[in-house]
Amino acid sequence: MTTPARTFYGLRHGATDWNREGRFQGRTDNPLNEDGLRQAHEAVDMLRGAGISRIVASPLARAARTAEIIAAAISVPLAIDDGIIEFDFGSFEGLPVRDLMIKHGVKSATGLVSILPADGESWDAMTKRSLACVSAWLDRHRGDDLLFVCHDAVMQGMANALCGSYFKNSHGTPFRYLREQAQWRVEQVVTSDRYSPSPPAT
C-alpha cells in the first residue's frame with residue numbers, strides 16, 4: 001500500500017439530506033443542502049490560516065461544490081480526481097446506517113466495515129486507491145500544502161491505514177494527517193480566533 005511522503009489535509013464535504021437522514025450515500029450524487037453550504041463557508045474560516053495552496057476534490061457534487069467554495073474564498077487552484085471518490089456501498093446505498101448496525105449487532109466503525117456487502121467496493125481497495133491518489137498529488141506538487149475534499153469513508157480508510165484507528169469526522173471540519181518521523185496522527189485543524197490555544201508543554 002502506498003504511503004504518502006508528507007503531511008496533508010483532508011475535509012469531509014458539507015452535509016446533504018441523506019446525511020441528515022443517516023443513510024449510506026456512497027456514489028449516489030446528492031447535492032449539498034443548506035446546512036452543507038453553510039459548513040463549506042465555515043470551513044473557509046478554519047482553513048484561511050493553514051497555508052493551503054492547492055485543493056483536490058472528489059468528482060461527486062457534494063465534495064466538488066464544497067471544494068469550489070473554499071478554493072474561491074482562499075484563491076487557490078482546484079482539481080478533480082476520481083481517486084478520492086466515495087466508497088461504493090453497493091446494496092447498502094440509501095439504507096439507514098443505524099438500522100443496519102442494529103440488525104447486524106455492530107456498534108463501531110470497525111464493526112461496520114465488517115458487514116459491508118460483497119456487491120460494493122472492497123474497503124481495502126478503496127483505501128489503496130485513496131492513498132495512491134493522495135501520494136501522487138503530493139509527489140507532483142512538492143512545494144504545495146494540499147487539501148483533499150472528499151468523504152467520510154475515504155478519510156476513515158486512510159486514517160486507519162496510516163494511524164491504526166478511525167476518528168470522529170464531522171462535515172466541513174478540516175483535519176491534518178500529520179507525518180512526523182514516519183509516524184502518523186490525525187488532528188483537527190483549529191484557528192486561534194475560535195479556540196483558546198493550549199499552553200506550551202513544560
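**Helix packing and buried loop residues**

Helices H6 and H7 are roughly perpendicular to each other, a term reserved for angles of 65 to 115 degrees, whereas angles under 35 degrees count as roughly parallel, those over 145 as roughly antiparallel and the rest as oblique. The model is predicted, so that local features need pLDDT of at least 70 and side-chain atom pairs count only at pLDDT 80 or more, while totals for chains, interfaces and linings use all residues. Residues are numbered from 1 along each chain as its sequence is written, and side-chain values use heavy atoms, with hydrogens and water left out. Helices (H or I, at least four residues) and strands (E, at least two) are DSSP runs, numbered from the N terminus.

Two packed helices are described by the angle between their axes and the distance between the axes. For H6 (residues 123-140) and H7 (residues 152-163), the angle is about 85 degrees and the axes are 9 Å apart. Axes are lines fitted to C-alpha atoms, for helices over the stretch in contact, and angles run from 0 to 180 degrees between N-to-C directions. On the H6 side, the contact (heavy atoms within 4.5 Å) involves Trp 123, Met 126, Thr 127, Arg 129, Ser 130, Leu 131 and Val 134, which meet Ala 153, Val 154, Gln 156, Gly 157, Met 158, Ala 161 and Leu 162 of H7. Nine of these residues are nonpolar, four polar and one charged; Ala, Val, Leu, Ile, Met, Phe, Trp, Tyr, Cys and Pro count as nonpolar, Asp, Glu, Lys and Arg as charged, and the others, Gly among them, as polar.

The end C-alpha atoms of H7 are 16 Å apart, in agreement with the 16 Å expected for twelve residues at 1.5 Å a residue, the expected span being 1.5 Å times one less than the number of residues. Buried residues of H7 are Ala 153, Val 154, Met 155, Gln 156, Gly 157, Met 158, Ala 159 and Leu 162, where buried means under 20% relative accessible area, exposed over 50% and partly exposed in between (1.4 Å probe, protein chains only). Their cover includes E1, H6, E4, E5 and E6. Gly 164, with a positive phi near 85 degrees, follows H7.

In the loop between H7 and strand E5 (174-180) lies Asn 169, which is buried at a relative accessible area of 9%. Its side chain makes a polar contact with that of Asp 152 (3.0 Å); such a contact is a pair of N or O atoms within 3.5 Å, of which, within protein, one must be able to donate a hydrogen and the other to accept it, and residues adjacent in sequence count only if both atoms are side-chain atoms. Beyond four places in sequence, Asn 169 touches Arg 12, Asp 152, Met 155, Gln 156 and Phe 175.

Glu 86, in the loop between E3 and helix H4 (97-104), is likewise buried, at 7% relative accessibility. Leaving aside neighbours within four places in sequence, its contacts include Arg 62, Arg 129, Asp 152, Ala 153 and Val 154.

Helix H3 (residues 61-74) has 14 residues, and its end C-alpha separation of 20 Å agrees with the expected 20 Å. The buried residues of H3, among them Arg 62, Ala 71 and Ile 74, pack against E1 (8-12), H2 (34-47), E2 (54-57), E3 (78-80) and E4 (146-150). Just after H3, Ser 75 takes a positive phi of about 55 degrees.
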